[in-house]
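The following exercises are to be worked with the sequence and the structure at hand. Each task is followed by a solution in steps.

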Amino acid sequence: MEQTTSSLQEIDKLPVYKAVLKNILPSIGIFLMMLIYNYADLFFIGMTKNDYMVSAVTLASPIFMFFMAFGSLFGTGGLTLISQDLARGNSDRIKKISSFCFWCSVMIGIISLIIIFIFATPLASLLGANGVQTITYTRDYLQWIAISAPFAVITNTYSTLIRSEGKPMISMIGMLLGNVLNIVLDPIFILGFKMGCSGAALATCIGQMVACAFYLIYILKGKSSFSIRLKDFSGKEGIAKGVFSIGIPAALVTLMMNAYQIISNVVMGHFGDLQVAAMGVGMKISVIGSVISNGVGQGIQPLIGYQVGNNNKKRFKEILKFSLIFSVIISAIISILCFTQADGIVKMFLSENSSIQMSITFTRIILSTMWISGMINLISFTIQSMGTAKQATFTSLARNGYVGIIAVLVMSLFKNVYLVAAAQPIADIISLIIALMMLKSSMHQCFIKKETVHERL
């Protein structure tokens, strides 16, 4: 406990740019590795020259995102509480929080495994699969990915929780182990054993098992202030309420992202399965533009929580300002590069000429505001770490939630596939305005009110 508190205290003494970079680089590394291994699945499946398999992976990917959502729920909720308790030196409560997050992750993972495995075929249709080929490929992928559920939820929970101790490198190593193994196994299973979609899912499953094992061994060796002992499990002392009130907004952003992607896939599915594949590749490419901002946002969470715990408004603003400038510049550069090179990138994943041409256009449409989406995500991570649940929920659910879904449904009325793709840039602009308003409200709640109370005393 003393070592963990000392780590955050030492980081907090560094100049702002050094403190931020020290915390965000491992987090950015995690996001980049997650992106690479997602690309690996799509890349090696693309080598089968079967765009219907690409469509199946696109349709099934929201399910794995559900595992990440639950990981965000317990990871982000736990991180915020633990960061603030570290500032107050409350070691007993930290053990209870970490044990609560672990056992909740286990239960959710097992329930997810059972439901997805049993209902894989109807779930494939619900996700937007239409043709017999696409339904079959999607079902096979889902049944394998279901097995990874408990391990994936635990992995995503602890990759976030461990950063609250000021040990981002440990968080990154665990994710790296799983992702690198996944990438290595992809060509072996997909191409070597000719397993196609099932091979991609099996590689993911094994990678998640290894990452999960790494985090658990780290904790069991006593190198952390966390506990996974059942006797430490407790939702009392405001633990359950705190984890869920803070974690639910973080989880909802992923869940709503899934809802947005599913609705988008279903809408695209009315135009054809190849349109789904084209849009899936376009979305994958466009995400590169915001991956840096996502890493920065997640990386500064312990620093933000620590400043709120210490009521240090000045350093809070300095950290946020540097993080926004850094992430916007890098994200804009990456987006421009992807925009100009979209033709060559798309051809790495698709083989049908009609799919390729559609995907190039989709990619460029979405990339036009992807740097804005990065700002939204960074602000959302910041508000979550401030512990302002209402503002966090409203911000998190905007871009790929109520704003994004409404935009897709409205644009679908025009019966034009390219206007459906344009729904994302429209949602980005509206959501940024909402995010800035919620950030201002959160700062008032966390700092202005506290300053007023202090002055009265």
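## Exercise 1: Aromatic pairs

Helix H14 (residues 313-340) contains both Phe 322 and Phe 326, which are four residues apart, about one turn of the helix. The model is a predicted one.

**Task.** Determine whether the pair Phe 322 and Phe 326 is stacked or tilted, and classify the pair Phe 362 and Tyr 418 likewise.

**Solution.**

Step 1. A pair of aromatic rings is described by the distance of the centres and the angle of the planes.

Step 2. For Phe 322 and Phe 326, the ring centres are 6.1 Å apart and the planes stand at 20 degrees. Planes under 30 degrees apart count as stacked, and the pair is therefore stacked.

Step 3. Both rings belong to partly exposed residues: Phe 322 has a relative accessible area of 25%, and Phe 326 has one of 24%.

Step 4. For Phe 362 and Tyr 418, the centres lie 5.5 Å apart with the planes at 50 degrees, so this pair is tilted. The pair links distant parts of the chain, since Phe 362 is in helix H16 (residues 353-367) and Tyr 418 is in helix H20 (residues 417-421), 56 residues apart.

Step 5. Phe 362 is buried at 0% relative accessibility, whereas Tyr 418 is partly exposed at 33%.

Step 6. The structure holds 14 aromatic pairs. One aromatic cluster is formed by Phe 74, Phe 100, Phe 233 and Phe 244.

## Exercise 2: Cysteines

**Task.** State how many disulfides a search of the whole structure finds, and explain why Cys 197 forms no bond with the closest cysteine.

**Solution.**

Step 1. The search finds zero disulfides.

Step 2. The cysteine sulfur closest to that of Cys 197 belongs to Cys 205 and is 16 Å away, which is too far for a bond. The cut-off for a disulfide is 2.5 Å between the sulfur atoms.

Step 3. Cys 212 is likewise in no disulfide, the nearest cysteine sulfur being that of Cys 205, 11 Å away.

Step 4. Cys 197 is buried, with a relative accessible area of 2%; Cys 212 is also buried, at 4%.

## Exercise 3: Salt bridges

**Task.** Give the distance between the closest N and O atoms for the salt bridge of Asp 85 with Arg 93, and decide whether these residues are buried or exposed.

**Solution.**

Step 1. Side chains of opposite charge can pair when their charged atoms come close. The count here comes to seven salt bridges.

Step 2. In the bridge of Asp 85 with Arg 93, the closest N and O atoms are 2.6 Å apart. Asp 85 and Arg 93 are both buried.

Step 3. Another bridge joins Arg 139 to Asp 140, with 2.9 Å between the closest N and O atoms. Arg 139 is partly exposed at 27% relative accessibility, and Asp 140 is partly exposed at 22%.

Step 4. Arg 229 and Asp 232 form a bridge whose closest N and O atoms are 3.0 Å apart. Here Arg 229 is partly exposed at 42%, while Asp 232 is buried at 14%.

## Exercise 4: A helix face

**Task.** Identify the buried residues of helix H18 (residues 389-396), and state where on the helix they lie.

**Solution.**

Step 1. The buried residues of H18 are Gln 391, Ala 392, Thr 395 and Ser 396.

Step 2. Viewed down the axis of H18, these residues fall within an arc of 125 degrees, so they line one face of the helix.

Methods: Residues are numbered from 1 along each chain as its sequence is written. This is a predicted model: local features need pLDDT of at least 70, side-chain atom pairs count only at pLDDT 80 or more; totals for chains, interfaces and linings use all residues. Side-chain values use heavy atoms; hydrogens and water are left out. Buried means under 20% relative accessible area, exposed over 50%, partly exposed in between (1.4 Å probe, protein chains only). Helices (H or I, at least four residues) and strands (E, at least two) are DSSP runs, numbered from the N terminus. The arc is that of the directions from the helix axis to the C-beta atoms. Rings of Phe, Tyr and Trp (its six-membered ring) pair if their centres lie within 6.5 Å; planes under 30 degrees apart count as stacked, over 60 as edge-to-face and the rest as tilted. A salt bridge is a side-chain nitrogen of Lys or Arg within 4 Å of a carboxyl oxygen of Asp or Glu.
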